[in-house]
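Me: I have a model open and would like to go through it piece by piece. Can you keep the answers short?

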Amino acid sequence: MEPITAKPGFLKNTLVRCFLFGVVLVLFRFAYVITVTGESCRVGNFCFLKENLNFVIPGSGASAAVAANGAVSTGAVGPERKDVYTSKDWIKAVHFYSAVFQDLISQGFLSPESKSLCVETPTGQEVYALKETGVKNAVGIFKKASRPLVVRGEAHRMPFADNSFDFVFSGNGRLEKSPKAAEFAAEIVRTLRPEGFAVVHIGAKDTYSFHSFIDLFSCCKLVTSRDIDGFNSSMPHIREMVLKKECDASTEVSNSGGSSGNECSVPGHKLELVRKAEPIIQIEPLKPWITLKKNIQNVKYLPSIVDISFKRRYVYVDVGARSYGSSIGSWFKKQYPKQNKTFEVFAIEADKTFHEQYKMKKRITLLPYAAWVRNETLSFEINGDPGEKVKEKGRGMGRIQPGKSANGGFDGQVDRIQGFDFAEWVKNTFTEKDFVVMKMDVEGTEFDLIPRLFETGAICLIDEVFLECHYNRWQRTLPGERSAKYEKTYDQCLDLFTSLRQSGVLVHQWW
């Protein structure tokens, strides 16, 4: 019997299969780099052969070779990328940032040994400028990588560990342009080591935005700021902010519920805003339903005076909202200047007649209760002035009466509703880092709610107020007679508005 031998093609087939498997792996790696990470097939962590990047910025001194360091890999630059690096705009930007970094080195905020990060830099101009000035250990991040200067990453979720860098830079007003400015700033603080420096270029120069900017950087102290000329028309004037991190942000106790105490001091920069506001109408109008409605055209809205970019959230609180079209849809959505910010809306309305229509509205949270000074059950009256029909779609205006029913002569509707401590809700919901606009139309209860906001310190968390003050005004349908619905006078309303403005609250007369 002849011995059994292996088939001649077995070994050959095995080798072919191994070779094909290797090819598939290489192709898979190629597809991953190109389609997922958005990088070039010639990036150093993929290519089998590497080249050093060495290109010259005309007029910038000696040529600058981008050397490998702990933060970024080297790799070759394709023709398209070389075109970017030799464009006039790119070279102009590098010259500008090189001068900026030279000044920071001379002031001691940056050194050649600083491990540095540039945030939101599409083509790495800032990174190259750092290397040009001798800071070799530098890297940039952007949503799409631009190797070897820029790796993939987003400003609000950086791919680096805590306390990774000695120096973090954000230029060209990218922080204020970000839709997530608070997260952007928090990530700068997180990745910056204690005693490290962050430098941010912003375009806003008003004092309101200045203080809002500072509030975003927990654990940081403003060291210095200066105004400089920009290098292009998109940002001709720049305010450079230099901050120093003084603690470990990961150990900082977060206060998400606003001011912890019951007192607050309205800062001086808010008093400046009040002086820019439209004047309060001092003489009682004979036809307030016309005069006060027209006066809204004279209102100087806060976002038309200052930059509101540096805030964590943007919120509109409608106290006494009634229907969606009453003020949210008809006024706030259409007329209030929002600087392209997306606002959350809270509608506070106790009248259950209007609750159903809010269920289908996006980004609107309905609080189906009555804003009050404490948590308790209240009587809610639906009525109107004698001889006057103040209604919307058959529904009169409602007001609350704490702990009691209507008098015997009352012929309207009375419901039992739940009231809540509005001031405490404000303190538990918002912080100084939020931008909060409030409209209040509560049928006389403002004389209870406003003092409570001051008493608890919640007033300091509200940036702008639109207040309708209810008083015994002249009636529309009964000339010469005042409304018996409210006891307060117009002078008492003036006192309320004056006290708010003197305290630094930007309040406007609502109709």
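Me: Where is Asp421 found?

Reply: Asp421 is in strand E17, residues 413–421. Strands (E, at least two residues) and helices (H or I, at least four) are DSSP runs, numbered from the N terminus. This is a predicted model, in which local features need pLDDT of at least 70 and side-chain atom pairs count only at pLDDT 80 or more, while totals for chains, interfaces and linings use all residues. Residues are numbered from 1 along each chain as its sequence is written, and side-chain values use heavy atoms, with hydrogens and water left out.

Me: Is Asp421 buried or exposed?

Reply: Asp421 counts as buried because its relative accessibility is 10%. Buried means under 20% relative accessible area, exposed means over 50%, and partly exposed is in between (1.4 Å probe, protein chains only).

Me: What does Asp421 touch?

Reply: Leaving out residues up to four places away in sequence, Asp421 touches Trp372, Val373, Arg374, Asn375 and Arg452. Contact here means heavy atoms within 4.5 Å. In addition, a polar atom of the Asp421 side chain lies 3.3 Å from the backbone nitrogen of Ala423.

Me: Ala423 again. Which residues of H11 meet which residues of H12?

Reply: On the H11 side they are Phe422, Ala423, Glu424 and Lys427, and on the H12 side Leu449, Arg452, Leu453 and Thr456. By class, that contact has four nonpolar, one polar and three charged residues. Ala, Val, Leu, Ile, Met, Phe, Trp, Tyr, Cys and Pro count as nonpolar, Asp, Glu, Lys and Arg as charged, and the others, Gly among them, as polar.

Me: At what angle do H11 and H12 pack?

Reply: Helix H11 (residues 422–429) packs on H12 at about 45°, with the axes 8 Å apart. The two helices are therefore oblique to each other. Angles under 35 degrees count as roughly parallel, over 145 as roughly antiparallel, 65 to 115 as roughly perpendicular and the rest as oblique. The axes are lines fitted to C-alpha atoms, for helices over the stretch in contact, and the angles run from 0 to 180 degrees between N-to-C directions.

Me: And what about H12 with H13, how do they pack?

Reply: H12 (residues 446–456) and H13 (residues 490–502) pack at about 20°, with their axes 12 Å apart. That angle makes H12 roughly parallel to H13. Glu446, Phe447, Ile450 and Phe454 of H12 make the contact with Gln492, Cys493, Leu496, Ser499 and Leu500 of H13. By class the contact has six nonpolar, two polar and one charged residues.

Me: While we're on H13, what does Leu494 touch?

Reply: Leu494 lies in H13 and touches Ile280, Ile281 and Gln282, again not counting residues up to four places away in sequence. The C-alpha atoms of Leu494 and Ile280 are 8.0 Å apart, although the two residues are 214 apart in sequence. Leu494 is buried, with a relative accessible area of 10%.

Me: How much of the protein's contact is long-range like that, say at least 24 apart?

Reply: Among contacts between residues at least 6 apart in sequence, 73% join residues at least 24 apart. As for burial, 51% of the 511 residues count as buried.

Me: Different topic. Why is H6 described as largely enclosed?

Reply: Eight of the eleven residues of H6 (residues 181–191) are buried, so H6 is largely enclosed by the rest of the structure. The buried ones are Ala181, Ala182, Phe184, Ala185, Glu187, Ile188, Val189 and Thr191.

Me: Now the backbone oddities. Which residues does a cis peptide bond join?

Reply: Arg147 and Pro148, with omega about 5°. Pro148 lies in the loop between strand E4 (138–142) and strand E5 (150–152).

Me: What is phi at Glu195?

Reply: Phi of Glu195 is positive, about 75°, although Glu195 is not a glycine. Glu195 is in strand E7, residues 192–202, and counts as partly exposed at 41% relative accessibility.

Me: And Glu443, where is that found?

Reply: Glu443 is in the loop between strand E18 (435–440) and H12. Its phi is near 55°, a positive value in a residue other than glycine. Glu443 is buried, with a relative accessible area of 8%.

Terms used:
Polar contact = N/O pair within 3.5 Å; in protein donor to acceptor, adjacent residues only side chain to side chain.
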